[in-house]
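I opened this entry to keep a record of what I looked up, item by item, with the structure on screen.

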Amino acid sequence: MEKDNVIKFLNKYGYRYSEKHNSIFVYLEFAQQVKIEFEELNKITISDKLVGWNFLTGIIEMSLKNALIYNFVGTIVLGFMSMYSEMQENSLNFIPLFLIFITWVILFSVFYIVKLEGFKNQIIN
């Protein structure tokens with residue numbers, strides 16, 4: 001795959017991108033960035049990153065894989081907090097917050113994964 005073909009594709013479909021040396025940075029929706037590196041002839045490397053303010057990690061920049069791990073750990077911590085608050089005699093109930101958090105994480109995780117994999121398939125094909 002040649003760099004010129006990828007640039008033609010990006011221009012054809014109106015993607016925002018920037019070029020640096022042998023790399024192209026493509027800016028997808030909701031603060032998702034894809035880096036396409038042209039290392040050798042007919043070999044490319046595609047990596048992703050959530051940048052700026054995004055729906056999974058807030059302002060922390062990290063790859064989608066790390067964001068999923070980060071949110072999994074957050075879900076476990078919030079789950080334990082919800083169970084602990086239910087055992088106490090106070091009136092705080094974290095179960096609705098926990099369910100909203102899980103729904104939020106699943107919804108945006110699926111969105112980002114589908115967007116990234118769809119873009120990769122378009123670039124490869």
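In which helix does Ile 76 lie? Working on a predicted model, I located Ile 76 in helix α2, which covers residues 64-87.

I then asked whether Ile 76 is buried, partly exposed or exposed. Its relative accessible area is 37%, and since partly exposed is the class between 20% and 50%, I noted Ile 76 as partly exposed.

Next I looked up the surface around this residue, and found that Ile 76 belongs to a nonpolar patch together with Ile 69, Phe 72, Val 73, Val 77, Phe 80, Met 81, Met 83 and Met 87. I wrote down about 910 Å² as the accessible area of these residues together.

I turned to the strands and recorded an open sheet of four, in the order β1-β2-β3-β4, whose pairing is antiparallel. The edge strands, each of which pairs on one side only, are β1 (16-20) and β4 (43-50). On average, and with direction ignored, neighbouring strands of the sheet are turned by 20° against each other.

For the pair formed by β2 (residues 23-28) and β3 (residues 32-40), I noted six bridges in the antiparallel sense; as one example, Val 26 has Val 34 in β3 as its bridge partner.

Last, I checked which helices pack on the sheet. Helix α1 (residues 3-12) does so by touching β1, β2 and β3, and its direction makes about 20° with that of β2. Helix α3 (residues 95-124) also packs on the sheet, where it touches β2, β3 and β4, and I logged an angle of about 30° between its direction and that of β3.

Note on methods. Residues are numbered from 1 along each chain as its sequence is written. This is a predicted model: local features need pLDDT of at least 70, side-chain atom pairs count only at pLDDT 80 or more; totals for chains, interfaces and linings use all residues. Side-chain values use heavy atoms; hydrogens and water are left out. Two strands pair if DSSP finds at least two bridges between them. Helices (H or I, at least four residues) and strands (E, at least two) are DSSP runs, numbered from the N terminus. Axes are lines fitted to C-alpha atoms, for helices over the stretch in contact, and angles run from 0 to 180 degrees between N-to-C directions. Contact means heavy atoms within 4.5 Å. Patches are made of residues with over 30% relative accessible area and no salt bridge: like charges are joined within 9 Å, nonpolar side chains (Val, Leu, Ile, Met, Phe, Trp, Tyr) within 5 Å. Accessible areas come from the Shrake-Rupley method with a 1.4 Å probe; for residues, only the protein chains shown count as cover. A salt bridge is a side-chain nitrogen of Lys or Arg within 4 Å of a carboxyl oxygen of Asp or Glu. Buried means under 20% relative accessible area, exposed over 50%, partly exposed in between (1.4 Å probe, protein chains only).
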